[in-house]
Structures are given as C-alpha cells and as structure tokens.
Amino acid sequence: MIFDSFRLLVPQVFRYWREQRTYKTQVILGAFSAVIGILQYALLGMFLMRGGSYPMLDKYGGNLIGFLITGALGASALFVVMQNPKSSIQDEQRTGTLENIALSKGGIALVIATRLLIVCISTLVTTSLLIAAFFIFFSVSATINPVSLVFTVFVGFLLMSSIGLCSAGYILNSKSGEPFTWLITTATGLFSGVLFPVELYPVWIQKISLLIPTTSIMSALRMTSLTAISFEDTISLLVPALFWTLLLFPLGVLMFTWGLDRSRKKGTIGMY
C-alpha cells in the first residue's frame, strides 16, 4: 500500500514541477527572496549586537520597540497597498471572471480602483489600531504630528499604488511573477530601515538607500509618529518620495494600459 501511494505521488510531484517551471520569473524571484530574508535578519542581529539603541535611534525618539513597531507595521501596510492591484487581477483570473469584467462598462480599471480604495481605508484603520495598541502595551512614548502623519500616509499610499499599477500591467501578461513589487519589497527590507536604521550602513550605502522610493516614507512615518517633527521638515524629508511618485504614477498608468492592450491582442486576459 505504501509503495502504491508513493507511485501515485511521483507523477504529481513532476506535474507540480512542470507547472512551476512555466513561471520562471516566479521561481527565480522566490529563490532570491529566501536569500534576502536571511540577510535581512542577519543585519538586524548585527544591529542588536551593537547595542540596538544610541546613537542610531536618537533621531527616531530613542525607543527600540517603537522603532520596530512602526517599521514592521508601516512596511506591511505599504506592501498590502502595493500588492493589491496585482492581487485583484490574479483573484479574478483564478475565478474565471476577469474577461467578463474587461468587457463590462467600468472595466478592469474600475475594479482595481475600487478595491484599492477599500484596501487603503481598511489598512489605514487596522494599522493605526495595531500601532496604538502596541504603543500602549509596551509604554512607547509617542509625539504625533497629525497633519504630518496624514500627509506621509497619503504620499506613501499613492507611491505604492503607482508601483502596484506597474506590477498589474506586467502580471496581465506573465500571469505569475513580476519584478516590480519583488524589487521594492526586497530593497525596502534591506535598505529602507524597516527593522534596523539606515545609519547602520557605511555612508556610501546610506546615500544609495536614499534613492529607494520607500526610504523617505519609512523615515517620515517614524518621525511623525515618535517625534515632534514639523510639517515643513516632513515635506523636506519626503522630497525623494514625492519625486518617485510623480515619476511612477504616470509610468504605472502607461504600464497598466500596455499590459491590458497586449493581453487583449493576444486573447489571454482570462488565462493564468
């Protein structure tokens, strides 16, 4: 009986492997993600071994727990918004309804916009409640500037939505695996100060990290939640993010339009 079960299992293993090989981008990015994840926690360990506090956390209020909570939950919220356009398309592909939506009056763009709005609101509420609960539980001292915080969240969500549109346009053709969200997720985890401050790196890497779209967002989220940063200073801090948003939003629209037109011409909108 055991031998017969194994004999039935082998073809299924090969079948699964053949399916995965058709999505080469997904396989390659998945392998890299595993390596990057290990590296990320190795860097966190290095930071903690160096004391995990001053002077690297001074400008963020000096509280390690507050730094980690805002980093982990803030990054998670941004990633949820970024992944939503792609996830909306893949959900409809799996249920076999994407082609019907494409033929409807509103089209795919309306569905993505509606879901994105709902996700932004729900993510904002959920993340805010979680951060507040953790701050109270761990007695984290917070000096919040509401106007600056709201503006930072708005810029962050708009930036991540723009990246999400790029990935949605790509996924309409690739069906599984796209480089945009993977690249931003990886770069954010390593270089944007999610689990450890950017100041941990040598100066030349710090300069590179400032070029990553999410670095200034992560810094501004912490500064507006943990310190008394002014609105003017917040805008100055968000200049790189604002630049990337102005660049990536029209690119996202173009990428999504390209992906939709290409999949229509190929007749593969409903395939996955």
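This text walks through a predicted model, from its overall fold to its cores, surface patch and salt bridges.

Start with the overall build. The protein has 11 helices and 0 strands. Its pattern along the sequence is therefore a plain run of helices, α-α-α-α-α-α-α-α-α-α-α. The chain holds 272 residues, and 44% of them are buried. Now consider the contacts between residues at least 6 apart in sequence. Of these, 79% join residues at least 24 apart. The surface comes to about 14,800 Å². Carbon and sulfur atoms supply 73% of that exposed area.

Next, go inside. The largest nonpolar core has 29 residues. Which of them touch the most other members? They are Leu78, Met160, Ile163 and Ile217. Six elements are listed as giving two or more residues each: α3 (64-95), α5 (107-137), α6 (146-174), α7 (179-191), α9 (215-226) and α11 (239-266). Helix α6 gives the most, with 6 residues. Leu78 is a good place to look first. Beyond residues up to four places away in sequence, Leu78 touches Gly156, Phe157, Met160, Ile217, Met218 and Leu221. Two of these partners, Met160 and Ile217, are themselves among the core members that touch the most others. There is also a second core, separate from the one around Leu78. This second core has 12 residues, including Leu98, Ile101, Ala102 and Ile269.

Two helices that feed the largest core deserve a closer look. Take α7 to begin with. Helix α7 has 13 residues and spans 17 Å from its first C-alpha to its last. That is close to the 18 Å expected at 1.5 Å a residue. Its buried residues are Thr181, Ile184, Thr186, Ala187, Thr188, Gly189 and Leu190. Just after the helix, Gly193 adopts a positive phi of about 75 degrees.

Then take α11, which holds Thr245. Is Thr245 buried or exposed? Its relative accessible area is 8%, so Thr245 is buried. The cut-off for buried is under 20%. Setting aside neighbours within four places in sequence, Thr245 contacts Val155, Leu158, Leu159, Ser162 and Pro250.

Now turn to the surface. Ile65, Leu130, Phe134, Phe137 and Phe138 form a nonpolar patch there. Together they have about 480 Å² of accessible area. Helix α5 gives the most to this patch, with 3 residues. Ile65 comes from helix α3, while Leu130 sits in α5. Why does Ile65 count as partly exposed? Its relative accessibility is 36%, and partly exposed covers the range between the 20% and 50% cut-offs. Leu130, at 37%, is also partly exposed. Leu130 can be placed against another residue by distance. Its C-alpha lies 9.2 Å from that of Ile69, and the two residues are 61 apart along the chain.

Finally, follow the charges. How many salt bridges are there? The count is 3. One pairs Glu199 with Lys59, with the closest N and O atoms 3.1 Å apart. Glu199 lies in the loop between α7 and α8 (203-209), and Lys59 lies in the loop between α2 (24-49) and α3, so this pair ties together parts that are 140 residues apart in sequence. Glu199 is partly exposed, at 26% relative accessible area. Lys59 is partly exposed too, at 41%.

Another salt bridge joins Asp91 and Arg94, with the closest N and O atoms 2.8 Å apart. Both residues lie in helix α3. They are 3 residues apart, about one turn of the helix. Asp91 is partly exposed, at 36% relative accessibility.

The remaining pair is Arg115 and Glu92, whose closest N and O atoms are 2.3 Å apart. Arg115 is in helix α5 and Glu92 is in helix α3, so the bridge ties together parts that are 23 residues apart in sequence. The two ends are covered to unlike degrees. Arg115 is partly exposed, with a relative accessible area of 28%, whereas Glu92 counts as buried, at 10%.

Conventions
Residues numbered from 1 in each chain as written. Predicted model: local features only at pLDDT ≥ 70, side-chain atom pairs only at ≥ 80, totals over all residues. Heavy atoms only, no water. Helix = DSSP H or I, 4+ residues; strand = E, 2+ residues; numbered from the N terminus. Buried < 20%, exposed > 50% of the residue type's maximum accessible area, 1.4 Å probe, protein only. Contact = heavy atoms within 4.5 Å. Areas by Shrake-Rupley, 256 points an atom, 1.4 Å probe, with all protein chains shown as cover. Core = buried A, V, L, I, M, F, W, Y, C linked by side-chain atoms within 4.5 Å. Patch = residues over 30% accessible without salt bridge, like charges linked within 9 Å, V, L, I, M, F, W, Y side chains within 5 Å. Salt bridge = Lys/Arg side-chain N within 4 Å of Asp/Glu carboxyl O. Expected span 1.5 Å × (residues − 1).
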